[in-house]
Amino acid sequence: QVQVVESGGGLVQAGGSLTLSCTASGLTFDDYAMDWFRQAPGKEREGISCINWSGSTTRYDDSVLGRFTISRDNAKNTLYLQMNSLKPEDTGMYYCAAILKDYCSGSWWSEPVAYWGQGTQVTVSS
């Protein structure tokens with residue numbers, strides 16, 4: 001059975017940092033590019049980052065570029081999102097997803113998803 005499980009969310013003050021993790025099991029992890037998505041209350045879910053199967057290519061939405069870093073450790077079947085200089089507008093539920101490609105395309109945020117995690121809440125206070 002495939003499981004994709006996020007962890008590491010929490011409450012942090014503006015300007016602070018958090019690291020999210022996403023551990024996958026029941027799939028061949030390095031067959032997939034991985035995305036991070038987030039959804040704030042009352043807003044659409046948005047793709048914020050993508051990493052290809054090997055970790056050699058990364059993509060970021062402009063809203064997080066320069067502040068967030070996506071990485072992966074294929075030996076541990078784990079995806080990470082290092083979040084620095086957090087802002088209140090970063091608040092939301094964060095999801096990891098295995099997408100149906102092994103690379104980040106020009107429209108990586110809209111690629112079909114093979115597997116979703118359950119989400120982890122990030123709250124940034126001012």
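Rings of Phe, Tyr and Trp, with Trp represented by its six-membered ring, form a pair if their centres lie within 6.5 Å. With that cut-off in hand, this predicted model gives four aromatic pairs. The legends below begin with two of these pairs and then move on to other close-ups.

**View 1. Y32 meets Y115 edge-to-face.**
The two ring centres are 6.0 Å apart and the planes stand at 75°, so this pair counts as edge-to-face. Y32 sits in the loop between β3 and β4 (34-39), while Y115 belongs to strand β10, and the contact links distant parts of the chain, 83 residues apart. The two partners are worth comparing for accessibility: Y32 is buried at a relative accessible area of 16%, whereas Y115, at 29%, is partly exposed.

**View 2. Y95 and W116 bring strands β9 and β10 into one picture.**
Here the ring centres lie 6.3 Å apart with the planes at 85°, so the geometry is again edge-to-face. Y95 is in strand β9 and W116 is in strand β10, so the pair ties together parts that are 21 residues apart in sequence. Y95 counts as buried at 19% relative accessibility; the cut-off for that word is under 20%. W116, at 36%, is partly exposed. Add F37 to the view and you have one aromatic cluster made of F37, Y95 and W116.

**View 3. Two arginines sit over phenylalanine rings.**
Staying with F37, look for R45: its charged end sits over the ring of F37, 5.9 Å from the centre. The cut-off for such a contact is a distance within 6 Å. In the other example, R72 lies over the face of F29, and the distance to the ring centre is 4.4 Å.

**View 4. The C22–C96 disulfide joins strands β3 and β9.**
This is one of two disulfides in the model. Its sulfur atoms are 1.8 Å apart. C22 lies in strand β3 (residues 18-25) and C96 in strand β9 (residues 92-99), so the bond ties together parts 74 residues apart in sequence. The torsion about the S-S bond is about 55°, which makes this disulfide right-handed. Both C22 and C96 are buried.

**View 5. The C50–C104 disulfide runs from a strand to a loop.**
In this bridge the S to S distance is 2.1 Å. C50 belongs to strand β5 (residues 46-51), and C104 to the loop between β9 and β10 (113-116), so parts 54 residues apart in sequence are tied together. Which hand does the disulfide of C50 and C104 have? The torsion about its S-S bond is about -95°, so the disulfide is left-handed. C50 is buried at 0% relative accessibility, and C104 is buried too, at 9%. If you number the bonded cysteines of the protein in sequence order, the pairing reads 1-3, 2-4.

**View 6. Strand β11 alternates its side chains between two faces.**
In a regular strand the side chains alternate between the two faces of the sheet. Strand β11 (residues 120-125) shows how this looks here: T120, V122 and V124 point to one face and are buried, while Q121, T123 and S125 point to the other face and are not buried. For its neighbours, look to strand β2 (residues 10-13), which pairs with β11 in the parallel sense over four bridges, and to β9, which runs antiparallel to β11 and is joined to it by three bridges. V122 is a handy landmark for both pairings: G10 stands opposite V122, and V122 is also the bridge partner of G92.

**View 7. A cavity of about 50 Å³ has G92 in its lining.**
Rolling a probe the size of a water molecule over the atoms shows where empty space is left. With a lower limit of 30 Å³, the count is one cavity. Its volume is about 50 Å³. The residues that line this cavity are R38, Q39, A40, K43, E44, E46, E89, T91 and G92.

**View 8. W36 is a buried residue of strand β4.**
W36 lies in strand β4. Is W36 buried or exposed? With a relative accessible area of 0%, W36 is buried. To finish the view, include W109: its C-alpha atom is separated from that of W36 by 8.8 Å, although these residues are 73 apart along the chain.

Definitions and conventions: Residues are numbered from 1 along each chain as its sequence is written. This is a predicted model: local features need pLDDT of at least 70, side-chain atom pairs count only at pLDDT 80 or more; totals for chains, interfaces and linings use all residues. Side-chain values use heavy atoms; hydrogens and water are left out. A disulfide is a pair of cysteine sulfur atoms within 2.5 Å. Buried means under 20% relative accessible area, exposed over 50%, partly exposed in between (1.4 Å probe, protein chains only). Rings of Phe, Tyr and Trp (its six-membered ring) pair if their centres lie within 6.5 Å; planes under 30 degrees apart count as stacked, over 60 as edge-to-face and the rest as tilted. A charge sits over a ring if NZ of Lys or CZ of Arg is within 6 Å of the ring centre and within 35 degrees of the ring normal. Two strands pair if DSSP finds at least two bridges between them. On a 1 Å grid over the protein atoms alone, a cavity is a set of points where a 1.4 Å probe fits but cannot get out, and a pocket is an open set with protein on both sides within 12 Å along at least five of seven lines; lining residues have an atom within 4 Å of a point. Grid points are joined across faces, edges and corners, and a volume is the space filled by probe spheres set on the points.
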